[in-house]
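Colleague: Hi! I'm new to this one, could you walk me through it? Let's start with the core.

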Amino acid sequence: MMTTDDILASAHRTFQMESDAICELRQHLDQSFAQACQLLLDIEGRVIVTGMGKSGHIANKLAATLASTGTPAFYVHPAEASHGDLGMITAKDAVIALSNSGTTPEVMTLLPLLQRLGVPLISITGNADSSLATSASVHLFAGVRTEACPLDLAPTSSTTAALVMGDALAIALLECRGFTAEDFAFSHPGGALGRRLLLKVDDVMVKGSDIPRVTPEATLGEALMEITAKGLGMTTISRAGELMGIFTDGDLRRALDNRPDINEVRIGQLMSPGGRTLPEGTLAAKALGTMEQFRISSVVVTDANNHIKGVVQLLSLLKA
């Protein structure tokens, strides 16, 4: 029976072996990598990624990574390709084939068909002299000295090396295309990341007649009635739509220290001039950061002429 120390030692050994494999992989990186990137940038179609077994799982992940970072791609199972799915590949596409040995029969069967279509092929193998490597338009070496598996049988270090090579391709292409965080969000609209990158203050702010508004000539009492009616804990002070200031619960507490006559004192005398504002189209995430930085619970959204377009509340942002 293995002890706890034995189990942890096994994990450390695996980490070290796979880390060493990645470090050695860097030494083999050459102009072929740049050629592979240029090949993928030049095609008019999509990138088809294929591989069998464990390499197939890595290929599937690579296709997903490419697709979400600006390079249209999908995975095709090599065995299924020989039975009809080859019809998914067009002459405008490119193929990335993964095989550690470079001799996987299901992948090799596709080579003459891809050559007949004139489809450029990028191979990622652990054997630069293999048939797959020598038949490819560009070959990327992803070989390892030994697997992390103590039997040196189960694909472990080799699949990690192929995974990292694929990730390097995807990220290099992302940078070549000038792919932005907003582009990424459009590929991930359903998750928290998409909401953070796509949601704008315009989507969550209070608009139109729901915006609390008074003029500078309004009394404190009238301002309090507007604050109560609109339920935002504040009101904007404006003239002809242009923001002049804001009046919040905090301003009210400070004003009450002087015991004002709420039916006589004008809100223009008590407001915070200007107030914290954000322009239309500001990302909600940025608005949240601003509110946390200045410890405020609401912020006014204005246009280029300082006209009030809406009010964003901290609670609304947190819910969004």
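Modeller: Happy to! Keep in mind that this is a predicted model. The largest nonpolar core has 30 residues, and Leu40, Val49, Leu66, Ile96, Leu98 and Leu140 touch the most other members.

Colleague: Which helices and strands each supply at least two residues of this core?

Modeller: Those are helix H2 (31-42), S1, helix H3 (54-68), S3, S4, strand S5 (138-141) and helix H8 (157-177).

Colleague: And which gives the most?

Modeller: That would be H8, with seven residues.

Colleague: Is there another core to look at?

Modeller: There is a second, separate core of 16 residues, and Ile48, Ala97, Leu121 and Ala136 are among them.

Colleague: Back to Leu140. What is Leu140 in contact with, leaving aside its neighbours within four places in sequence?

Modeller: Leu140 is in contact with Ser32, Phe33 and Ala36, with Ile122, Ser123, Ile124 and Thr125, and with Met165 and Leu169.

Colleague: Let's turn to S3. Why is S3 described as largely enclosed by the rest of the structure?

Modeller: Strand S3 covers residues 94-99, and six of the six are buried, so the rest of the structure largely encloses it.

Colleague: Which residues sit on each side?

Modeller: Ala94, Ile96 and Leu98 are on one side, while Val95, Ala97 and Ser99 are on the other; both faces are covered. That fits a general pattern: in a regular strand the side chains alternate between the two faces of the sheet.

Colleague: How does S3 pair with S1, parallel or antiparallel?

Modeller: Strand S1 (residues 47-51) pairs with S3 in the parallel sense, over five bridges. Gly51 has Leu98 in S3 as its bridge partner. S3 also pairs with strand S4 (residues 121-125), in the parallel sense and over five bridges. There, Ile96 stands opposite Ile122 in S4.

Colleague: New topic: helix H12. Which of its residues are buried?

Modeller: In H12 (residues 220-230), the buried ones are Leu220, Gly221, Ala223, Glu226 and Ile227.

Colleague: What covers them?

Modeller: The cover includes strands S6 (213-214), S7 (234-239) and S8 (242-248), along with helices H13 (249-256) and H14 (267-270).

Colleague: What about Glu222, where does it lie?

Modeller: Glu222 lies in H12 too. Its relative accessibility is 43%, so Glu222 counts as partly exposed. From Thr90, Glu222 is 132 residues away in sequence and 70 Å away in space, C-alpha to C-alpha.

Colleague: Last one: what follows H12?

Modeller: Gly231 follows H12, and its phi is positive, near 70°.

Definitions and conventions
Residues are numbered from 1 along each chain as its sequence is written. This is a predicted model: local features need pLDDT of at least 70, side-chain atom pairs count only at pLDDT 80 or more; totals for chains, interfaces and linings use all residues. Side-chain values use heavy atoms; hydrogens and water are left out. Buried means under 20% relative accessible area, exposed over 50%, partly exposed in between (1.4 Å probe, protein chains only). Helices (H or I, at least four residues) and strands (E, at least two) are DSSP runs, numbered from the N terminus. Two strands pair if DSSP finds at least two bridges between them. Contact means heavy atoms within 4.5 Å. A nonpolar core is a set of buried Ala, Val, Leu, Ile, Met, Phe, Trp, Tyr and Cys residues joined through side-chain atoms within 4.5 Å.
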